[in-house]
Amino acid sequence: MGIQPFFLAKFDLTSIFVMAPIAIAAMMEHIGDMSAISATVGRNFIEDPGLHRTLVGDGIATALAGLFGGPANTTYGENTGVLVLSRVYDPKVVRLAAIYAVILSFSPAFAAIVNSIPTAIIGGVSFILYGMISAIGVRNVVENRVDFTNSRNLIIAAVILVCGLGFSNGITFAIGEIHVTLTNLAIAAIAGIALNAILPSKDYEFGADVTEGRSGDFGRY
């Protein structure tokens with residue numbers, strides 16, 4: 001068994017400015033995962049328990065992790081792929097898996113066993129899981145009947161894709177003596193949110209027209 005070092009956080013404005021932009025990418029990942037999981041399991045988690053509650057829970061968990069020197073939490077879109085493949089949707093199973101993961105994280109022997117798995121096997125599993133994330137995202141777009149003949153929707157989607165793929169190293173700028181870096185995901189998220197708010201002719205209603213088989217619905221676009 002091994003205990004990782006714990007540190008109590010202290011207020012440091014420089015660190016806050018450096019880490020805060022990462023929260024934007026984490027929030028967008030959370031929203032995407034909630035939509036994908038809703039569509040996968042056939043329940044609208046965007047509505048119940050509600051996106052506002054899940055975001056708050058994610059934020060509190062990340063704040064508590066940071067308080068003790070841990071990294072930011074993330075919703076891990078790969079888990080959506082696991083749900084698709086296993087078809088095991090019971091939250092009790094996820095809770096048990098979380099408990100086991102916490103306990104086993106204190107065991108260097110288990111870490112050694114995991115690291116002994118051949119790279120080719122890990123790569124093959126990752127290949128399928130990451131592919132599932134993209135496929136589910138495309139399915140959500142199709143199920144929600146996003147109208148890409150509408151120039152507004154096409155422009156927003158194009159800008160998001162270019163920002164996400166093009167700014168591979170992110171953007172770094174200075175605020176006084178503090179250097180802040182926006183990752184490519186954060187840039188894509190900010191651009192998408194800004195364009196959605198600025199461009200005219202918004203043609204959808206949030207949460208409208210939820211029907212069976214479209215549980216991750218954000219409204220018709």
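**Exercise 1. How many bridges join strand 1 to strand 2, and do the two run parallel or antiparallel?**

Solution. The model is a predicted one, in which local features need pLDDT of at least 70 and side-chain atom pairs count only at pLDDT 80 or more, while totals for chains, interfaces and linings use all residues. Residues are numbered from 1 along each chain as its sequence is written, and side-chain values use heavy atoms, with hydrogens and water left out.

Step 1: strand 1 covers residues 171-175 and is joined to strand 2 by five bridges, the two strands running antiparallel. Pairing requires that DSSP finds at least two bridges between two strands, and the elements themselves are DSSP runs numbered from the N terminus, H or I of at least four residues for helices and E of at least two for strands.

Step 2: the register can be read from individual partners, since Ile171 has Leu182 of strand 2 as its bridge partner, while Ile175 stands opposite Ile178.

Step 3: the two strands form a hairpin with two residues between them, and Gly176 in the turn has a positive phi of about 70°. For comparison, most residues other than glycine have a negative phi, and most peptide bonds are trans.

**Exercise 2. Which residues of strand 2 make up the covered face, and which the uncovered one?**

Solution. In a regular strand the side chains alternate between the two faces of the sheet. In strand 2 (residues 178-182), Ile178, Val180 and Leu182 form the covered face, whereas His179 and Thr181 form the uncovered one.

**Exercise 3. Place the hairpin in the order of elements and locate the largest nonpolar core.**

Solution. Step 1: the chain has eight helices and two strands, and from the N terminus on the order is α-α-α-α-α-α-α-β-β-α.

Step 2: of the 221 residues, 23% count as buried, where buried stands for under 20% relative accessible area, exposed for over 50% and partly exposed for the range in between, with a 1.4 Å probe and protein chains only.

Step 3: the largest nonpolar core consists of seven residues, namely Ala25, Cys163, Leu182, Ala186, Ile187, Ala188 and Ala191. Such a core is a set of buried Ala, Val, Leu, Ile, Met, Phe, Trp, Tyr and Cys residues joined through side-chain atoms within 4.5 Å. Helix 8 gives the most to this core, with four residues.

Step 4: Cys163, one of the core residues, touches Asn184, Ile187, Ala188 and Ala191 when residues up to four places away in sequence are not counted, a contact being heavy atoms within 4.5 Å.

**Exercise 4. Compare the packing of helix 1 against helix 8 and against helix 6.**

Solution. Step 1: helix 1 and helix 8 pack at an angle of about 70°, with their axes 8 Å apart. Axes are lines fitted to C-alpha atoms, for helices over the stretch in contact, and angles run from 0 to 180 degrees between N-to-C directions. Helix 1 is therefore roughly perpendicular to helix 8, given that 65 to 115 degrees counts as roughly perpendicular, under 35 as roughly parallel, over 145 as roughly antiparallel and the rest as oblique.

Step 2: this contact is made by Pro21, Ile24, Ala25 and Met28 of helix 1 together with Leu185, Ala186, Ala189, Ile190 and Ile193 of helix 8. The division is nine nonpolar, no polar and no charged, with Ala, Val, Leu, Ile, Met, Phe, Trp, Tyr, Cys and Pro counted as nonpolar, Asp, Glu, Lys and Arg as charged, and the others, Gly among them, as polar.

Step 3: helix 1 (residues 13-41) and helix 6 (residues 119-143) pack at about 75°, with axes 10 Å apart, and are therefore roughly perpendicular as well. Here Ser35, Ala36, Ala39 and Thr40 of helix 1 meet Ile136, Arg139, Asn140 and Glu143 of helix 6, and these residues divide into three nonpolar, three polar and two charged.

**Exercise 5. Is Thr54 buried or exposed, and which residues does Thr54 touch?**

Solution. Step 1: Thr54 lies in helix 2 (residues 46-67) and is buried, because its relative accessible area is 16%.

Step 2: leaving out residues up to four places away in sequence, Thr54 touches His30, Met34 and Pro49.

Step 3: Pro49 also lies in helix 2, and a cis peptide bond with omega of about 15° joins Asp48 to Pro49.
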